[in-house]
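The following exercises concern a single protein chain. Each task is followed by a solution in steps.

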Amino acid sequence: MALFFILLLAAVSWVGYQDAVISKRTPDMMQTADSALVLSTRVYMNGKPNPCLSARVGAAVELWRAGKVKKLVMSGGINRDFRHGSKTMQAMAEKMGVPASAIQQETEADDTFKNIVYSTPLLQDDHSVILVSSGFHMPRASWLAARQWPDKQIQVYAHHHNCYDNSGAYLLVLLREVGAIVKNGALDRY
């Protein structure tokens with residue numbers, strides 16, 4: 001039992017470290033890519049617009065403004081809060097100045113694996129993609145994408161905003177991510 005907790009602590013620490021490193025990237029550190037694939041999350045958190053979703057869209061808009069990508073692909077169907085992720089993200093990006101012509105939507109995915117799989121037709125002509133999400137989410141997302149798109153250059157970019165109210169909520173998110181990493185590994189998705 002002690003070994004389990006040591007391994008769990010190590011895994012949570014690693015995911016937290018990845019979050020810290022990836023979240024420090026700036027647009028000038030990224031290579032130009034054909035598209036940015038923005039992975040959805042809940043539209044609302046604690047009854048308010050989800051700051052994590054806003055931050056993901058903001059990070060994608062940062063890349064677009066910097067000329068690092070030509071189009072944004074918003075991926076997300078009906079979320080756990082029964083809101084449509086991709087439609088909400090497109091509306092946010094448009095309010096931030098991105099024209100609708102530079103945005104495409106994948107409207108069915110309800111998890112990260114499906115974000116990648118269901119977005120494949122929208123990215124089929126692209127040689128390079130930047131995945132945009134939260135930093136803790138990027139190792140798993142990039143592993144899933146590398147398996148689905150072995151011929152594409154894949155980069156990851158995360159928002160710089162800590163969108164969790166307290167460290168307890170953040171710890172729960174890291175624990176959930178460790179579980180999702182293990183689950184997708186067990187399902188042979190990497």
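Strands are DSSP runs of E with at least two residues, numbered from the N terminus. The model is predicted.

**Exercise 1.** Determine where Val73 is found, and whether Val73 is buried or exposed.

*Solution.* Step 1: under this definition, Val73 belongs to strand β4, which covers residues 71–75. Step 2: the criterion for a buried residue is a relative accessible area under 20%. Step 3: the relative accessibility of Val73 is 0%, so Val73 is buried.

**Exercise 2.** Identify the residues in contact with Val73, leaving aside neighbours within four places in sequence.

*Solution.* Step 1: with those neighbours set aside, the contacts of Val73 include Ala36, Leu37 and Val38. Step 2: Gln104, Ser119, Leu122 and Leu123 are also in contact with Val73. Step 3: for Leu39, which lies 34 residues from Val73 along the chain, the separation of the C-alpha atoms is 8.7 Å.

**Exercise 3.** Locate the disulfide, and establish its handedness and the burial of its cysteines.

*Solution.* Step 1: the cut-off is a sulfur pair within 2.5 Å. Cys52 and Cys163 have an S to S distance of 1.9 Å and form a disulfide; the count by this rule is one. Step 2: Cys52 lies in helix α2 (residues 51–65), whereas Cys163 lies in the loop between β7 (153–158) and α6 (167–186). The pair is 111 residues apart and links distant parts of the chain. Step 3: the torsion about the S-S bond of Cys52 and Cys163 is about 100 degrees; therefore the disulfide is right-handed. Step 4: Cys52 is buried at 2% relative accessibility, and Cys163 is buried at 5% relative accessible area.

Terms used
Residues are numbered from 1 along each chain as its sequence is written. This is a predicted model: local features need pLDDT of at least 70, side-chain atom pairs count only at pLDDT 80 or more; totals for chains, interfaces and linings use all residues. Side-chain values use heavy atoms; hydrogens and water are left out. Helices (H or I, at least four residues) and strands (E, at least two) are DSSP runs, numbered from the N terminus. Buried means under 20% relative accessible area, exposed over 50%, partly exposed in between (1.4 Å probe, protein chains only). Contact means heavy atoms within 4.5 Å.
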